[in-house]
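Hi everyone, thanks for coming. Let's put the structure up on the screen and walk through it together.

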Amino acid sequence: MKNEAKTQYLCHPRLRFVIMHELGIAQNIMEIVRQSVPEGLARDIRKIRVRVGQFAGVVPDSLDFCFGVMAGESEMPRAALLIEEVPTACRCRGCGREFEMEELVFLCPHCGGTDLEVISGKELEVVDIELVDHGGEAL
Amino acid sequence: MSIVTIERKVLEKNDQIAERNRRFFRDRGIFVLNLVSSPGAGKTSILEKTFERLRDDCRMAVIEGDVQTDLDAQRVAEYQVPVVQIVTMGGCHLEAGLVADAMGKLDLDSVDLLFIENVGNLVCPSGYDLGEALKVVVLSTTEGDDKPLKYPAMFRNASVLLINKTDLIPYVNCRLDVLRGNALKINPDLRVFEISCSTGAGIDAWCEWLRGKGASGQ
């Protein structure tokens, strides 16, 4: 990069030019993991399962990229994200039926109603963490 | 292998602060709008027009969010409206904690309407609750009538759509009925106002609606 950035960005130096909110989300995920796993066991973390709804405004590839860069130089260098994508689904308040949406058109395919409640697709959650065991030591 | 069950929301911290902000606003009867749009859609111009119409009826304040500069805050200050500028230094959206900090710098005891002008971006701000009563999405005609379909989360999460720059319709490839139809496909409950900050068209209707909100605080 020829021009050195003059701006001080509040993020990892290698991601200085990456301006996407997946970076902040990756940081939040690491923070939740830190609160959940004793520091001494961080190196044993292999997988962090996260649930990402299609309607959560998060690009899974970007999230994976940001997390990878940050985790690689952290106390959990072998941790990788396992991203489960959740399709958008609605319940029609008119006819009571539930359906998955292929295209984001908020119209009930059964009765044509527009009064719909989004019942899934907005998820952004840490589900669980997988660690390798050391000498049968239970967590 | 051991599995540790977590089941926590990634944005739980933001959501907690947002809820605290919301309680604060509700207790004081402040009506708060989170203005979102792509850069250049006209958020600040709409605020300027709104100040002109409502300054005798409502006590207003603004929290400005930008990646760089306080240019927008300077524009707001011209109208003697109290304003705090948040510079995100590259961050693509405002978070509830930043808004809470800015709230501490405003005298909110004497405010009826608080506008939070988010960073210009149709993607990231949709996922972050700031504690507002509702989101107002601004879309200008120059952006094209397909944008609600391309950025559905923003249009679904908003309660009001302001279609700005309607005076440019003869010159741009944007059909108002198609734009409106696309937005309502994503969110049938959207309240839509067609406005032009250049000609002033539609601004009265928007301000009239807003006046009711500012008076009732909800």
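Let's start with the contacts inside chain B. If you take the contacts between residues at least 6 apart in sequence, 76% of them join residues at least 24 apart. Keep in mind as we go that this is a predicted model.

So what is chain B built from? Its secondary structure comes to eight helices and eight strands. Along the principal axes, the C-alpha atoms of chain B fill a box of roughly 65 × 45 × 35 Å. The radius of gyration of chain B is 17 Å, which agrees with the value near 17 Å that a compact globule of 218 residues would have. And 48% of the 218 residues in chain B count as buried.

Let's zoom in on one helix. Which residues of H4(B), residues 96–103, are buried? They are B:Ala96, B:Leu98, B:Val99, B:Ala102 and B:Met103. Around the helix axis they cover an arc of only 160 degrees, so they sit on the same side of H4(B). Here's the textbook bit: an α-helix has 3.6 residues a turn, so residues three or four places apart point the same way. And what covers those buried residues of H4(B)? The cover includes helix H1 (12–28), strand S3 (60–66), strand S4 (83–87) and strand S5 (113–117), which belong to chain B.

Now let's look at where the two chains meet. Here 25 residues of chain B are in contact with 32 residues of chain A. On the chain B side, the elements that give two or more residues are strand S1 (2–9), helix H6 (152–157) and helix H7 (176–186). S1(B) gives the most, with eight residues. As for the kinds of residue on that side of chain B, they divide into 14 nonpolar, seven polar and four charged.

What does S1(B) pair with over in chain A? Strand S6 of chain A, residues 124–131, pairs with S1(B) in the antiparallel sense over six bridges. You can find some of the partners on the screen: A:Asp128 stands opposite B:Thr5, and the bridge partner of A:Leu131 is B:Ser2.

S6(A) has a partner within chain A as well. Strand S1 of chain A, residues 45–53, pairs with S6(A) in the antiparallel sense over seven bridges. In that pairing, A:Arg51 stands opposite A:Glu125. So if you trace from S1(A) to S6(A), you can carry on from S6(A) to S1(B) in the other chain.

That's my tour, thanks for listening!

Technical notes: Residues numbered from 1 in each chain as written. Chains lettered and ligands numbered in written order. Predicted model: local features only at pLDDT ≥ 70, side-chain atom pairs only at ≥ 80, totals over all residues. Contact = placed C-beta atoms within 7 Å. Helix = DSSP H or I, 4+ residues; strand = E, 2+ residues; numbered from the N terminus. Nonpolar A, V, L, I, M, F, W, Y, C, P; charged D, E, K, R; others polar. Pairing = 2+ DSSP bridges. Buried ≥ 20, exposed ≤ 12 C-beta atoms within 10 Å, placed from the backbone. Arc of directions from axis to C-beta. Rg over C-alpha atoms; globule rule 2.2 N^0.38 Å.
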